[in-house]
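Welcome! Have a look at the chain below, and then try the exercises at your own pace.

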Amino acid sequence: MHRHPDNTNYRPATTVKSGSRVAMKYQKQAMLGLLGMGLIASPWLSQLPAQFKTYNSGITIRESEELERIKAEQRAVTADKINSLGVTPSFSKLRIRNYLDSKKRNPKPDTTGYLESETVFVYDSTGLCVGRIEQRQWKWKYRFKNACKNSPLFKDSVN
């Protein structure tokens, strides 16, 4: 026991003060240790966002590939069904609005959306054949003699 200057017995509250000093002393060391561990792990932690992005893009690619595979399977089933029924589409048709067949005015339809293997017959607004798109080239009936031959709506090439 310590003696107080006024000769009374007193106990200092050492548990609170000394406990807090001890805790503060170790708390600083612990914080420095955690900071050091953070610096050591920072290169690995900095790569995590890129890894998440890569992982997510991998999942997206797998999902899109699965979707494309399903679409291809459905197209194959549809093609088999059409072939078994004997109704195979051989060409398509394009009708140009606000155009009447005339030797003076070439309609020049856009050919960029068609495949090279497609043959598309082109008609004016009245339903007369004016030419065809074949191998992505426009063939007008006034420049190419047989452009409308075997067109689906007309039997002769006079049109």
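Here are five exercises, each with a worked solution, on a model that is predicted.

**Exercise 1. Find out how confident the predictor is along the chain, and which elements have the lowest and the highest mean pLDDT.**

Step 1: Start with the whole chain. Its mean pLDDT is 78, and 77% of the residues reach 70 or more.

Step 2: Go on to the elements. Strand β1 (residues 2–3) has the lowest mean pLDDT, 58, while β6 has the highest, 92.

Step 3: Look at residues 154–159, where the pLDDT is below 50. Beyond near neighbours in sequence, this stretch has 11 contacts in the model.

**Exercise 2. Work out the order of the strands in the open sheet and how they pair.**

Step 1: Put the strands in order. The open sheet has 4 strands, arranged as β3-β4-β5-β6, and its pairing is mixed.

Step 2: Pick out the edges. β3 (92–95) and β6 each pair on one side only, which makes them the edge strands.

Step 3: Follow the twist, which averages 25° from one strand to the next.

Step 4: Take the pairs one by one. β4 and β5 are antiparallel, with 5 bridges; β5 and β6 also run antiparallel, joined by 4 bridges.

Step 5: Zoom in on Ile133. This residue of β5 is the bridge partner of Val120, and Ile133 also stands opposite Trp138 in β6.

**Exercise 3. Which residues make up the largest nonpolar core, and which strands supply at least two of them?**

Step 1: List the members. The 9 residues are Ile96, Tyr99, Tyr114, Val120, Val122, Val130, Ile133, Trp138 and Trp140.

Step 2: Assign them to strands. β4 (119–123), β5 and β6 each supply at least two residues of this core.

Step 3: Examine one member, Val120. Leaving aside neighbours within four places in sequence, Val120 is in contact with Ser92, Lys93, Leu94, Tyr114, Gly131, Arg132 and Ile133.

**Exercise 4. Locate the disulfide and say which parts of the chain it ties together.**

Step 1: Look for sulfur atoms within 2.5 Å of each other. The count comes to 1 disulfide, which joins Cys129 to Cys148 with an S to S distance of 2.1 Å.

Step 2: Place the two cysteines. Cys129 lies in strand β5 (residues 129–134) and Cys148 in the segment after β6 (137–140), so the disulfide ties together parts that are 19 residues apart in sequence.

Step 3: Decide on the handedness. The torsion about the S-S bond of Cys129 and Cys148 is about -90°, so the disulfide is left-handed.

Step 4: Check the surroundings. Cys129 and Cys148 are both buried. Ser151, which also lies in the segment after β6, is buried with a relative accessible area of 4%. Setting aside neighbours within four places in sequence, Ser151 is in contact with Phe121, Tyr123 and Cys129.

**Exercise 5. Examine the loop between β5 and β6: what is the phi of Gln135, and what is the phi of Arg136?**

Step 1: Recall the usual case. Most residues other than glycine have a negative phi.

Step 2: Turn to the hairpin of β5 and β6, which has 2 residues between the strands. Gln135 is found in this loop, and so is Arg136.

Step 3: Read off the angles. Gln135 has a positive phi of about 55° although it is not a glycine. Arg136, not a glycine either, has a positive phi of about 60°.

Step 4: Compare with the exposure classes. Gln135 counts as exposed because its relative accessibility is 51%, whereas Arg136, at 40%, counts as partly exposed.

How values were computed
Residues numbered from 1 in each chain as written. Predicted model: local features only at pLDDT ≥ 70, side-chain atom pairs only at ≥ 80, totals over all residues. Heavy atoms only, no water. Buried < 20%, exposed > 50% of the residue type's maximum accessible area, 1.4 Å probe, protein only. Core = buried A, V, L, I, M, F, W, Y, C linked by side-chain atoms within 4.5 Å. Contact = heavy atoms within 4.5 Å. Pairing = 2+ DSSP bridges. pLDDT = per-residue confidence, 0-100. Axes fitted to C-alpha atoms, helices over the stretch in contact; angles between N-to-C directions.
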